[in-house]
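Grab a coffee and work through these short exercises with the structure open beside you. Try each task before reading its solution.

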Amino acid sequence: MRISTYNLRFDSMPNNITVQQSIAALPDPLVQPVFEGITKEQPWSTRRVRVAAHLLSEGVVIADFQEALVRQVHDLAELFGSDWAWIGVGRDDGVEAGEFSPIFYKKSELTLISNDSFWLSNTPFEPSKFPGAGSVRICTAAHFEVTATQKRFTLLNTHLDDQSDAQRRLGASLLLQRAHFEAATTNAPVIMTGDFNSESIGVDAGAYNISTGALPPVPINATFAARFPVTSTQLPGFKMLDLRGKTPRQSVAGDFATFTGFKLPNDTSSWTRIDFVFGGSNLGWTAEGYKVGTSMSDDGVLDSDHRPVFADFEL
């Protein structure tokens, strides 16, 4: 099964161009473009067809996103087609306002059992922002069954804060609690994806280190802990494992950095790895392939300031 996680870059230059108009405006594929002729961020209406075509060409069964506004979610639903469905809510009001962290899934391959959302704050069951965070942060949670095998798994998709390390550490602690609960109560695999805004090393690695067990979690909301309880005897030492490191090395392909910014290809000053696919240490999954794709086309258009991450795993 192939899963992707992709921070889309929110629709920062909205317009009224429809999906069909974007398709009609696509250049002749037989005509050579001006190589790297475009050097700045482009509107979502220019980027969206390329995003969908790229992911579909990679054969993904699950496509997780971050920073998707409601228009972007609906556009992707149109471009992905009727064999796909999606779940998620706008983080600002729990309906459609603000960015989504949606999960798209292929209906012929997966059956959705249940889903919910929670906020990465001190009040996780209502739309809310952690004090000092730059934005409201949310997680989309889902239980799926694989159609061909009837095997089930839990999936968490999220986007941690870009400004507050304290929020990222709290968010990682809430996510780890939920993942641990799901692993212990379902006795099934847990997969987690997202833009953590946290590198795997260095001063901003707190959220990554909490997720992977290198640091202890911080205290979380008592109501959340009570709703998703874990005892000391249930999978002690549970943590999330970075699929990049669990994939056979010969099957790790593509690039390392997942964030590049909208910069010229030779400007690597802000490149970093902050987008991840994790699997629970209770396992039930085997990592078979891992790749960081490209967001750049020959004409210089960057589909996002992040790159898509693809992971292949077997349940």
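**Exercise 1: the pockets**

The lining of the largest pocket splits into 2 nonpolar, 8 polar and 10 charged residues. Here Ala, Val, Leu, Ile, Met, Phe, Trp, Tyr, Cys and Pro count as nonpolar, Asp, Glu, Lys and Arg as charged, and the others, Gly among them, as polar. A bit of housekeeping: this is a predicted model, where local features need pLDDT of at least 70, side-chain atom pairs count only at pLDDT 80 or more, and totals for chains, interfaces and linings use all residues. Residues are numbered from 1 along each chain as its sequence is written, and side-chain values use heavy atoms, with hydrogens and water left out.

Task: find the residues nearest the centre of the largest pocket, then look at the second largest pocket.

Solution. Start with the term: on a 1 Å grid over the protein atoms alone, a pocket is an open set of points with protein on both sides within 12 Å along at least five of seven lines, a cavity is a set where a 1.4 Å probe fits but cannot get out, and lining residues have an atom within 4 Å of a point. Volume is the space filled by probe spheres set on the points, which are joined across faces, edges and corners.

- Step 1: the largest pocket holds about 370 Å³ of space.
- Step 2: its lining has 20 residues, with Asp162, Asp195, Asn197, Phe259 and Ile274 nearest the centre.
- Step 3: the second largest pocket comes to about 260 Å³, and its lining has 4 nonpolar, 2 polar and 4 charged residues. Pro27, Arg50 and Asp299 are among them.

**Exercise 2: the cavity**

Task: which residues line the largest cavity?

Solution.

- Step 1: searching the whole structure turns up 1 cavity of 30 Å³ or more, with a volume of about 40 Å³.
- Step 2: around it sit Glu67, Arg91, Glu99, Phe100, Ser101, Val136, Arg137, Ile138 and His159. By class, that's 3 nonpolar, 2 polar and 4 charged.
- Step 3: pick out Phe100, in the loop between strand E3 (84–87) and strand E4 (103–106); helices (H or I, at least four residues) and strands (E, at least two) are DSSP runs, numbered from the N terminus. Phe100 is buried because its relative accessibility is 1%, where buried means under 20% relative accessible area, exposed over 50%, and partly exposed in between (1.4 Å probe, protein chains only).
- Step 4: measure across to His159, and you get 9.2 Å between C-alphas for residues 59 apart in sequence.

**Exercise 3: salt bridges**

Task: what does Arg137 pair with, and what does Arg168 pair with?

Solution. A salt bridge is a side-chain nitrogen of Lys or Arg within 4 Å of a carboxyl oxygen of Asp or Glu.

- Step 1: the structure has 20 salt bridges.
- Step 2: Arg137 pairs with Asp161, closest N and O atoms 3.0 Å apart. The two are 24 residues apart and link distant parts of the chain. Asp161 is at 0% relative accessible area, so it counts as buried, and Arg137 is buried too, at 5%.
- Step 3: Arg168 pairs with Asp165 at 3.5 Å; both lie in helix H4, 3 residues apart, about one turn of the helix.
- Step 4: Arg168 also meets Asp204 in a salt bridge, 3.5 Å from N to O. This pair joins helix H4 to the loop between strand E8 (190–195) and helix H5 (206–211).
- Step 5: for exposure, Arg168 is buried at 5%, whereas Asp165 is partly exposed at 23% and Asp204 is partly exposed at 33%.
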